[in-house]
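Student: I am new to this structure and would be grateful for a close look at one part of it. Could you please take the part where protein and DNA meet, and then place that part within the surrounding chain?

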Amino acid sequence: MQDRRRVMRGLDLSMSLNVAQQAAVRHRNGPLLVLAGAGTGKTRVITHRVAALLGEGVPAWRILAVTFTNKAAAEMRHRIEHLCSGEHDVSQLWVGTFHSICARILRRHGSVLGLSSRFTIYDPGDQSSVMGRILKELNVSDKMFTPRGVLGHIDRAKNRGLGPQDLDALSLVEPVRSVVRKAYERYQERLRAADAVDFGDLLMRTVELLRVAEQPKEGQDTELDPVRGFARRFLQVVVDEFQDTNPIQAELVDRLAGRADLCVVGDDDQSIYGWRGADVDHFLSFADRHRGAEIIRLEQNYRSTMNILRSADAVIRKNHRRLGKTLWSEAGDGERVRVLMLGTERDEARFIAREIRDAIDEGANGDEIAVFYRAHAQSRVLEDEIRRVGLACKIVGGIAFYERLEIKDILSYLAVLLNPHSDAHLLRILNRPTRGIGSSSQTKLVELAASRGVSLWTVLCDPSETGLSKAAARKISAFVAMIEELRERSSVLRADQIVLQVIQATGYREMLAADDSDEAADRLENLQELLGNVAEFIQEAPSGTLEEYLEVVSLTGGERTDGLVTASVSLMTVHSAKGLEFERVYLTGMEERVFPHARVLDSAVELEEERRLAYVALTRAKRDLTLTMAAKRRIYGQVQVGQPSRFLLDLPKDAIQTIARSIAAPPPASIPAPKAAPAREAWRDDIVYEPHEARTAPEDDASPDAIASEGVHPYVGMMVRHPTLGPAEVLGWSGEGTKVKLQLRFSTREVRTILARFVAPL
DNA sequence: ACATGTTCCCTTTTT
DNA sequence: GGGAACATGT
């Protein structure tokens, strides 16, 4: 029998949710897959479902909700709280990303695996520094094996739950396979000695922990009891963005869910993390792996106008590997989707900046406007131009604040205070500011630690055993004493006070103050900002510890929400746009080789992912969607002449408004470069467009004189012959006079840059 | 040790 | 065009 409150809540739900959504919210006692198209109220379903569970008396601490980003987690918790209106203790819910949840579990139970509760999380930079040293030790060609490359293999392995012994599954060729295996082994040894884990380990070691807990109980191993208890903890598990789950995450879900009710939500059309090991097949085969699973489809879109949905559908429809669904909306056709071609990436940025400026002047809210791009490298011009028209903008992701040298240094000090065995961090600060422990001493110390299988800190604590000179040993002792002193003090101080102490006591501030360059002043300012940041963190969570601060930084890469700027325009990659929505969206760089990216053009599978990426981008917009391309764009400093993205050509004619004739042309496989930017008549009068040098003097900067003087104009798609390398296709060019360089793609598909005078037209 | 210089490769996309 | 790792000179 249902109690009164449940009936009430049921009524409540039916008023605000559609039939399919209600079904998803109410489904119990069995696995559930919600196939939720873009904008169909996926988050609503999850939050209502969790709220309903709480209403039914499921204890908050027995509910787990996994989200894709930390931001989404915060948002979800907030919305659930709102729905419950204070009736339940939402803070007890387990809501977070896979990584943050795993970190939490490992901090609590990791001792079983030899991890302390204060283990350090290594970011890609830390990983590289460890791997760099290992590769040097292994004495392998640094051309063939870069830290990044080897870590890439290890990461792929970890995404599938493979340890060093299981690398065969990666089908690497020799000698890569054996080097990676060796490096992987050593890498794990180093992390163990450092009491550290990387992102992949957070997942893998948690799975390991849960596996261990499942082993039959023998004798007195009560040590595992808490873990066993934890493994049975959750009664209800919800996973958002399930289409982006990789194998290790999928296993994690199964283990955490145990016999709990499992509800996964996702959209196969929005699977955009294949490169990170995510496999849509987990999603598609969910019903096969979970007996009796029900599938609920959400197809009514509450976000966008039909013109936007039709455009998105036209793009995604071309994919083969999909379940297939059609979104519909009651929002009406709305404005047509605009497609514009501009002269250069600068024109593109200027145009967008000006339009946003106008919109905001007419009352639009900057928060509701976003500019998307395929890769971070495209963000700079956009940022420039948007700032130039006097608007604030926030760049989501990208080269973050926390990547800066001085910030990383101070954060390294903090990491060392919590865990001095963290070699990657210790090494970073050992001689910064300079304290006479130079590179040769460092090398010796590192080698010694490696040969003994202990952390660097262990070696430093006993400097007389290092074989270094008395003077060097004394300096090391002084350093150790300083760190110990700081650790002592930090145990009684607030996080922000500790940071201040570190900046001062280590001599870091002094070092910067003594330097009168502008750069040093900038750095000091950044440290000030860091202090402000920590203070802000403390303000939000008054009992927040240094550990927690560092955890937030390492897991979010420092998603900074600049509190001051409220109504700022968002700039981000399409990947980071997933899950978000905006009234007005600009999707930039809609050119072949930019979006879709050049790197995926010869992989059908990756092209499908690229198409899904485009689909994600288009479906973020509520009302206004503008797609832009540049006729010419600098890439790696080279002017490239762009062809319209294939995605532009897929858009339905009746849903879009094309504002440059050339885009309407069919996709030529190889065409001469446009002779000039689009003629003025092609532009609508009601579009504000700034004339630009690229249009007044269109060809000057792009016409290679050397070839021109022979009466030959290179163009994109032109075939030329190199005396030794053979025939090639021209992809772009740069430079002037005799130094014109062509970017050429040879029949081997290899792309090279070669001086124009070395080739002849074919 | 530091400052400037030089070369390289680079860019997908993120927790 | 640009950052970062190396290199060379003071």
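Tutor: What follows begins with the two DNA strands and then turns to the protein chain.

The model is a predicted one. DNA strand B is surrounded by 21 residues, and the closest are Arg 148, Arg 374, His 376, Thr 573 and Arg 599. Which parts of DNA strand B lie within 4 Å of the protein, sugar or phosphate on the one hand and bases on the other? Of the atoms of DNA strand B within that distance, 60% belong to sugar or phosphate, and the rest belong to bases.

Individual atom pairs show both kinds of approach. In the side chain of Arg 148, an N or O atom is 2.7 Å from a phosphate oxygen of DNA strand B. Thr 573 also approaches a phosphate oxygen of this strand, with a polar side-chain atom at 2.8 Å. His 575, by contrast, has an N or O atom of its side chain at 3.4 Å from a base oxygen of DNA strand B.

DNA strand C has its own surroundings, namely Arg 380, Tyr 636 and Gly 637. Of the atoms of DNA strand C within 4 Å of the protein, 18% belong to sugar or phosphate, while the rest belong to bases.

The protein itself may now be considered. Chain A contains 31 helices and 23 strands. Of its 762 residues, 54% count as buried. Among the contacts in chain A with a separation of 6 or more, 72% are between residues 24 or more positions apart.

One element of this chain is an open sheet of six strands, in the order β3-β2-β6-β7-β1-β8, with parallel pairing. At its edges are β3 (94-97) and β8 (294-298), each of which pairs on one side only. From one strand to the next, the twist averages 15°. Strand β2 (residues 63-67) runs parallel to β3 and is joined to it by four bridges. Within this pair, Val 66 has Gly 96 of β3 as its bridge partner. Helix α4 (residues 70-84) packs on the sheet, where it touches β2 and β3, and its direction makes about 155° with that of β3.

Strand β7 of the sheet leads to a further residue. Asp 269 is placed in the loop between β7 (261-266) and α12 (280-284). Is Asp 269 buried or exposed? Asp 269 has a relative accessible area of 1% and is therefore buried. Its side chain makes a polar contact of 2.8 Å with the side chain of Arg 322. Leaving aside neighbours within four places in sequence, Asp 269 is in contact with Ile 316, Arg 322, Lys 325, Arg 612 and Tyr 615.

Another loop joins the part of the chain that holds Arg 148. Gly 163 is found between α7 (147-159) and α8 (176-193). With 12% relative accessibility, Gly 163 counts as buried. Beyond its neighbours within four places in sequence, Gly 163 is in contact with Tyr 184 and Met 204. Although Gly 163 and Tyr 184 are 21 residues apart along the chain, their C-alpha atoms are separated by 8.2 Å.

Residues within helices complete the picture. Ala 349 lies in helix α15 (residues 345-361), and its relative accessible area of 1% makes it buried. Apart from neighbours within four places in sequence, Ala 349 is in contact with Val 381, Leu 382 and Glu 385. Ala 349 and Ile 386 are 37 residues apart in sequence, and their C-alpha atoms are 7.5 Å apart in space.

Gln 442 lies in helix α19 (residues 439-452). Because its relative accessibility is 17%, Gln 442 counts as buried. A polar atom of the side chain of Gln 442 lies 3.1 Å from the backbone oxygen of Ile 437. Not counting residues up to four places away in sequence, Gln 442 touches Leu 427, Leu 430, Asn 431 and Ile 437.

Finally, helix α24 (residues 518-540) has 23 residues, which at 1.5 Å a residue should span 33 Å; its end C-alpha atoms are 33 Å apart, so the two values agree. The buried residues of α24 include Ala 520, Arg 523, Leu 527, Val 534 and Phe 537. The helices against which the buried residues of α24 pack are α17 (405-418), α22 (495-505), α23 (508-514) and α25 (546-556).

Conventions. Residues are numbered from 1 along each chain as its sequence is written. Chains are lettered from A and ligands numbered from 1 in the order in which they are written. This is a predicted model: local features need pLDDT of at least 70, side-chain atom pairs count only at pLDDT 80 or more; totals for chains, interfaces and linings use all residues. Side-chain values use heavy atoms; hydrogens and water are left out. A residue is near a molecule or strand if one of its heavy atoms lies within 4 Å of it. Two strands pair if DSSP finds at least two bridges between them. Helices (H or I, at least four residues) and strands (E, at least two) are DSSP runs, numbered from the N terminus. Axes are lines fitted to C-alpha atoms, for helices over the stretch in contact, and angles run from 0 to 180 degrees between N-to-C directions. Contact means heavy atoms within 4.5 Å. The expected span of a helix is 1.5 Å times one less than its number of residues. Buried means under 20% relative accessible area, exposed over 50%, partly exposed in between (1.4 Å probe, protein chains only). A polar contact is a pair of N or O atoms within 3.5 Å; within protein, one must be able to donate a hydrogen and the other to accept it, and residues adjacent in sequence count only if both atoms are side-chain atoms.
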